[in-house]
Amino acid sequence: MVTRGNLLYPEKLDGFVVVEKNKRVGLLTYRILDGECEVVTLDSLVEGQGVGSSLLNAARDLAVSNRCRRLWLITTNDNLHALGFYQKWGLQIAALHRNALEESRKLKPEIPMIGKNGIPLRDEIELEILLTP
Ligand SMILES: CC(C)(COP(=O)(O)OP(=O)(O)OC[C@H]1O[C@@H](n2cnc3c(N)ncnc32)[C@H](O)[C@@H]1OP(=O)(O)O)[C@@H](O)C(=O)NCCC(=O)NCCS
């Protein structure tokens with residue numbers, strides 16, 4: 001993964017898993033740095049059943065208990081579904097990093113030029129929720 005110009009290896013990060021009937025159906029990875037909690041990956045294998053929300057809830061609770069100032073994440077301009085989901089959950093758009101994927105491709109050249117929905121993959125959209133101790 002590349003977020004904000006940092007190459008991250010999700011398999012080395014801590015995370016949360018949702019297990020249903022002995023099957024893993026959701027995974028969130030995160031990192032805590034400088035008093036902020038970044039959600040690095042979020043994947044639900046059974047969409048629309050609350051898995052994604054419960055993972056974000058767990059990350060927010062962890063961030064609060066670690067006295068983080070905010071929970072934040074990056075999605076890309078093509079991921080219209082995630083953008084809707086995150087805002088409904090309570091995250092707010094905090095910044096638009098135009099053409100950030102140009103820099104990301106220097107670290108991870110296999111990032112495609114065209115993303116989801118046939119949309120050119122160009123920008124990072126930063127979303128956050130501010131946390132009160
Ligand atoms: C985005 C993702 C994690 C959502 O997971 P999920 O398990 O479907 O999420 P939930 O079931 O908890 O959905 C929670 C709510 O968000 C709503 N929602 C989901 N997508 C939405 C959208 N595009 N717009 C508005 N609301 C949306 C659901 O209807 C649900 O509402 P409800 O609680 O009122 O019923 C999942 O679609 C996914 O894994 N996508 C592929 C990977 C990905 O893009 N990850 C994000 C990378 S940045």
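Is Arg67 buried or exposed? Arg67 is exposed, with a relative accessible area of 68%. Keep in mind throughout that this is a predicted model.

**View 1. Arg67, a residue with a positive phi in a loop.** Here we are in the loop between H1 and S6, where Arg67 sits. Its phi is positive, at about 60°, even though Arg67 is not a glycine. As a rule, most residues other than glycine have a negative phi. With a relative accessible area of 68%, Arg67 is out in the open.

**View 2. Asn22 in the loop between S3 and S4.** Asn22 also has a positive phi, about 65°, without being a glycine. You'll find Asn22 in the loop that links S3 and S4. Its relative accessibility comes to 79%, so Asn22 counts as exposed.

**View 3. The largest nonpolar core.** This core holds 24 residues, and the ones touching the most other members are Leu28, Val39, Leu56, Leu71 and Tyr86. At least two core residues come from each of these elements: strands S4 (23-33), S5 (36-44), S6 (70-76) and S8 (124-130), plus helices H1 (51-65) and H2 (80-89). Helix H1 is the top contributor, giving six residues.

**View 4. Val39 and the residues it touches.** Zoom in on Val39, one of the core members that touch the most others. Skipping residues up to four places away in sequence, Val39 touches Leu28, Thr29 and Tyr30, along with Leu56 and Ala59. The rest of its contacts are Leu71, Trp72 and Leu73.

**View 5. Phe16 and Tyr30, a stacked aromatic pair.** The model has two aromatic pairs, and this one is stacked, with ring centres 5.8 Å apart and 25° between the planes. Phe16 belongs to strand S3 (residues 14-20) and Tyr30 to strand S4, so the pair ties together parts that lie 14 residues apart in sequence. What about cover for the two partners? Phe16 is partly exposed at 24% relative accessible area, whereas Tyr30 is buried at 12%.

**View 6. Phe85 and Tyr86, a tilted aromatic pair.** In this pair the ring centres are 5.4 Å apart and the planes make an angle of 50°. Phe85 is partly exposed, with 25% relative accessible area. Tyr86 counts as buried because its relative accessibility is 8%, and the cut-off for buried is under 20%. You've met Tyr86 already, as one of the residues touching the most other members of the largest nonpolar core.

**View 7. Ser104, a buried residue in helix H3.** Ser104 has a place in helix H3, and its relative accessibility is just 1%, so Ser104 counts as buried. Which residues does Ser104 contact, leaving aside its neighbours within four places in sequence? They are Val2, Ile111 and Glu124.

**View 8. A nonpolar patch on the surface.** Three residues, Leu7, Tyr9 and Leu107, make up this patch of about 260 Å². Leu107 is part of helix H3, which covers residues 100-107, the helix that also houses Ser104. With 39% relative accessible area, Leu107 is partly exposed. That value makes Leu107 eligible for a patch, because patch residues need over 30% relative accessible area.

Terms used. Residues are numbered from 1 along each chain as its sequence is written. This is a predicted model: local features need pLDDT of at least 70, side-chain atom pairs count only at pLDDT 80 or more; totals for chains, interfaces and linings use all residues. Side-chain values use heavy atoms; hydrogens and water are left out. Patches are made of residues with over 30% relative accessible area and no salt bridge: like charges are joined within 9 Å, nonpolar side chains (Val, Leu, Ile, Met, Phe, Trp, Tyr) within 5 Å. Accessible areas come from the Shrake-Rupley method with a 1.4 Å probe; for residues, only the protein chains shown count as cover. A salt bridge is a side-chain nitrogen of Lys or Arg within 4 Å of a carboxyl oxygen of Asp or Glu. Helices (H or I, at least four residues) and strands (E, at least two) are DSSP runs, numbered from the N terminus. Buried means under 20% relative accessible area, exposed over 50%, partly exposed in between (1.4 Å probe, protein chains only). A nonpolar core is a set of buried Ala, Val, Leu, Ile, Met, Phe, Trp, Tyr and Cys residues joined through side-chain atoms within 4.5 Å. Contact means heavy atoms within 4.5 Å. Rings of Phe, Tyr and Trp (its six-membered ring) pair if their centres lie within 6.5 Å; planes under 30 degrees apart count as stacked, over 60 as edge-to-face and the rest as tilted.
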